[in-house]
Amino acid sequence: MDIELIFKVAGVGIIVAVLNILLKKAERDEQALMTTLAGLVVVLMLMIGEIGELFETVRETFGI
């Protein structure tokens, strides 16, 4: 795993957390929830290559 990926995920997390706090203070709870879900999707898209590599390693290890 690359350190750059960790920084990207942390950056997305910080941005989503700040937006979530701002939207909740403005009483926009629905938009805060959507922002959190969008952040989750972005992180999963960043991680999809690593997840695929993990599954491939598991397959090779167990001979599946």
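How many residues does helix α1 have, and what span does it reach from its first C-alpha to its last? I would like to start there, and I should say at once that what we are looking at is a predicted model. Helix α1 covers residues 3-25, which is 23 residues, and it reaches 33 Å from its first C-alpha to its last, close to the 33 Å expected at 1.5 Å a residue.

Let me stay with this helix and look at its side chains. Leu5, Val12, Val16 and Asn20 are buried in α1, and the buried residues of this helix pack against α2, which runs over residues 29-62. In an α-helix there are 3.6 residues a turn, so residues three or four places apart point the same way.

Glutamate 4, also in helix α1, is partly exposed, with a relative accessible area of 44%. What partner does glutamate 4 have in a salt bridge? The partner is lysine 8, and the closest N and O atoms of the two are 3.4 Å apart. Lysine 8 and glutamate 4 are separated by about one helical turn, because they are four residues apart in helix α1. Lysine 8 is partly exposed as well, its relative accessible area being 41%. Side chains of opposite charge can pair when their charged atoms come close, and in this model the count comes to one salt bridge. For a sense of distance along the helix, glutamate 4 and leucine 23 lie 19 residues apart in sequence and 29 Å apart in space, taken from C-alpha to C-alpha.

Glycine 11 is another residue of helix α1, and with a relative accessible area of 26% it is partly exposed. Although glycine 11 and valine 43 are 32 residues apart along the chain, their C-alpha atoms are separated by 10.0 Å.

Now to the loop between α1 and α2, where glutamate 27 is found. Most residues other than glycine have a negative phi, and most peptide bonds are trans. Against that background, glutamate 27, just after α1, takes a positive phi of about 60°. Is glutamate 27 buried or exposed? Glutamate 27 counts as exposed, because its relative accessibility is 69% and the cut-off for exposed is over 50%.

That brings us to helix α2, and I will take two of its residues that contrast in accessibility. Threonine 35 is found in α2 and counts as buried, because its relative accessibility is 18%, where buried means under 20%. The side chain of threonine 35 reaches the backbone oxygen of glutamine 31 at 2.7 Å. If we leave aside neighbours within four places in sequence, threonine 35 is in contact with Val16, Leu19 and Leu23; of these, Val16 is one of the buried residues of α1 that I listed earlier.

Methionine 34, by contrast, which also has its place in helix α2, counts as exposed at 54% relative accessibility. Which residues join methionine 34 in a nonpolar patch on the surface? They are Leu33, Leu37, Leu40, Leu44, Ile51 and Phe55, and together with Met34 they have about 680 Å² of accessible area.

To bring this together, the buried residues of α1 pack against α2, glutamate 27 sits in the loop between these helices, and a nonpolar patch that includes Met34 lies on the surface.

Technical notes: Residues are numbered from 1 along each chain as its sequence is written. This is a predicted model: local features need pLDDT of at least 70, side-chain atom pairs count only at pLDDT 80 or more; totals for chains, interfaces and linings use all residues. Side-chain values use heavy atoms; hydrogens and water are left out. Helices (H or I, at least four residues) and strands (E, at least two) are DSSP runs, numbered from the N terminus. The expected span of a helix is 1.5 Å times one less than its number of residues. Buried means under 20% relative accessible area, exposed over 50%, partly exposed in between (1.4 Å probe, protein chains only). Contact means heavy atoms within 4.5 Å. Patches are made of residues with over 30% relative accessible area and no salt bridge: like charges are joined within 9 Å, nonpolar side chains (Val, Leu, Ile, Met, Phe, Trp, Tyr) within 5 Å. Accessible areas come from the Shrake-Rupley method with a 1.4 Å probe; for residues, only the protein chains shown count as cover. A salt bridge is a side-chain nitrogen of Lys or Arg within 4 Å of a carboxyl oxygen of Asp or Glu. A polar contact is a pair of N or O atoms within 3.5 Å; within protein, one must be able to donate a hydrogen and the other to accept it, and residues adjacent in sequence count only if both atoms are side-chain atoms.
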